[in-house]
Amino acid sequence: MRSGGVLATSRWRPSRIRAAAVLAAVGVLALAGCGTDVDDITVGPGKGWPAAYHDGRNGATSPVTGAKKIALSWTRPVGGPIAEAVTLGPDGQLFVTTRLPNCAIFSFQMATGRKRFCNALEPSAISAPSLVDGMTNVYVGDDSHVNSFNYLGQPRWRTTVAGTPVSVQFTGDGNLLTITQSGQVDVLSRQTGERAVPTVQLLGEPDFLDNPNLTWPAAGQGLDDCAIGGPQCPVANISAVDAATGRFFVTLWQPGKPTAALVALRYAGNKIQRDWSAELLSGGSATSPALSADGTTVYVGDNSKRLIAVDTSDGRTKWVKSLEWAPRGGISVSSDGLIIPAGDEGHLLALRDKGDVPEIAWERKDLALRGLPVQTAGSTGYTTAAIGDGLNLITFDTRSGATIDSDILPGAEGTTTGTSIGAKGEVVVATRIGELFVFKPES
């Protein structure tokens, strides 16, 4: 229910959790969520793959040294489609969302593939990326809510929002930044789900005096357009966060505008303010924004097949690179500045930012992308590619693009939602039709 312009935290109604688990959850809430000395606020995001594109920077790059040789450890279907990347807790616990009547968020153990829990959520959870902190608490949205569970799947809190959270990230002070596809921005306490600052509506607050019969749009409205950055989805992507400055970057398509914008906002001083807005995304946003390691440049793709570098201080365009395809999803940006765009209609390509122009570092037109390329320490990268009638996980040298290893994804079809790297060098891939594949480094 909405009151006084602020959406209130709603009471959690557990679904399909046995009585013992409910009692345990109550105990957890009593100990950890009600103002006692137990507080994980300083834990931070931890290791593993905490967010869809690894971290607040959205760089799709892991500090773990990637293995040159990997082998399939296990694979299993989840029973429904998958739309978002798999996130991994610091101990390797996997989290993935789908759309099933009784299970919308699954958790699996890295070592065995054994299911740890599955919880029911509203249908739009499939479009909501998950986020994991250093205590393996998981945060995920669904229709009109942000939810938090502990590592056992026990509910911690549930907070009401307007829309479906398509972006969840950590702030520099350890809170949770959530943005819905309809443009509602909230900063929530990781402990309680309470709002740390007043809610901001990127599309503006509706005037109920001028339009007394106006109602809030349905929670899932426009989500189908989010996958392609279409006009029915005002906020289609995961925001990039600069933890040092409090600035975060959002793609926003205002209704009636001819192009979408990249918007810089800042969370500081107990409020959220807008720094600048640049209307430069022709045909809508195609990718989530990704920050350079030094935070001075934000990269984003649009549907006119362009990769754009933008100055984070003022929104000035630094350069534009035309591609042969519309980049899609994420952009891998390493700490040393190697940029690898994704896109299922494209191929493996690496660029270097030369300040006012990009330079092709190397190109592999023989590798047709079927997911997001990621980079790791040790000059090793991974991506899924179409090989013959199936899919392979390609291990490549990020210095040259040369293939180091190629592993079949048995029976895999279509495309993947992303590639995630575990704390011990595991590589996790999810297909959109709903299968998980876990590879481990060969000893």
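Two strands pair if DSSP finds at least two bridges between them. Strands themselves are DSSP runs (E, at least two residues), as helices are (H or I, at least four), and both are numbered from the N terminus.

The model you are looking at is predicted, so local features need pLDDT of at least 70 and side-chain atom pairs count only at pLDDT 80 or more, while totals for chains, interfaces and linings use all residues. Residues are numbered from 1 along each chain as its sequence is written, and side-chain values use heavy atoms, with hydrogens and water left out.

**Exercise 1. A strand with two partners**

Task: Find the residue of β29 that stands opposite S62, then find the partner of T376 in β30.

Solution, step by step:
- Begin with β3 (residues 61–65) and β29 (residues 374–377), which pair in the parallel sense over three bridges.
- Within this pairing, S62 faces T376 of β29.
- Now turn to β30 (residues 380–387), which runs antiparallel to β29 and is joined to it by three bridges.
- Here T376 has T380 opposite it.
- Look at the turn as well: β29 and β30 make a hairpin with two residues between them, and G378 in that turn has a positive phi of about 80 degrees.

A helpful reminder: strands of a sheet pair through backbone hydrogen bonds, either parallel or antiparallel.

**Exercise 2. Reading an open sheet**

Task: Work out which strands stand at the edges of the sheet β9-β10-β11-β12.

Solution, step by step:
- The sheet is open, has four strands in the order β9-β10-β11-β12, and its pairing is antiparallel.
- β9 (131–132) and β12 (155–160) each have a single partner strand, so they are the edges and one side of each has no neighbour in the sheet.
- For a closer look, take β9 and β10 (residues 138–142), an antiparallel pair with two bridges.
- In that pair, L131 lies opposite Y139 of β10.

Try the same on another sheet. Four strands in the order β13-β14-β15-β16 form an open sheet with antiparallel pairing. Its edge strands are β13 and β16 (200–201), each pairing on one side only. Inside the sheet, β14 (residues 176–180) and β15 (residues 184–188) are antiparallel over four bridges, and T178 has D186 as its bridge partner in β15.

**Exercise 3. Disulfides**

Task: How many disulfides does a search of the whole structure find, and what pattern do they follow?

Solution, step by step:
- A disulfide is counted when two cysteine sulfur atoms lie within 2.5 Å.
- The search of the whole structure finds two.
- One joins C103 and C118, with sulfur atoms 1.9 Å apart.
- This pair links distant parts of the chain, 15 residues apart: C103 is in the loop between β6 (94–97) and β7 (105–108), and C118 is in β8 (residues 115–119).
- The other joins C226 and C233, also with 1.9 Å between the sulfur atoms. Its link is right-handed, with 80 degrees about the S-S bond.
- Counting bonded cysteines along the chain gives the pattern 1-2, 3-4.

**Exercise 4. Buried or exposed?**

Task: Decide whether C103, C118 and Q169 are buried or exposed.

Solution, step by step:
- Buried means under 20% relative accessible area, exposed over 50%, and partly exposed in between (1.4 Å probe, protein chains only).
- C103 has 11% relative accessibility, so it counts as buried.
- C118 has a relative accessible area of 18%, so it is buried too.
- Q169, in strand β13 (residues 165–170), has 1% relative accessibility and therefore counts as buried.
- The side chain of Q169 reaches the backbone oxygen of D55 at 3.5 Å, and one of its polar atoms lies 2.9 Å from the backbone oxygen of S239.

**Exercise 5. Aromatic pairs**

Task: Which kind of pair do F95 and F117 form?

Solution, step by step:
- Rings of Phe, Tyr and Trp (its six-membered ring) pair if their centres lie within 6.5 Å; planes under 30 degrees apart count as stacked, over 60 as edge-to-face and the rest as tilted.
- The search of the whole structure finds eight aromatic pairs.
- In one of them, the ring centres of F95 and F117 are 6.2 Å apart and the planes stand at 55 degrees, so the pair is tilted.

Key
Polar contact = N/O pair within 3.5 Å; in protein donor to acceptor, adjacent residues only side chain to side chain.
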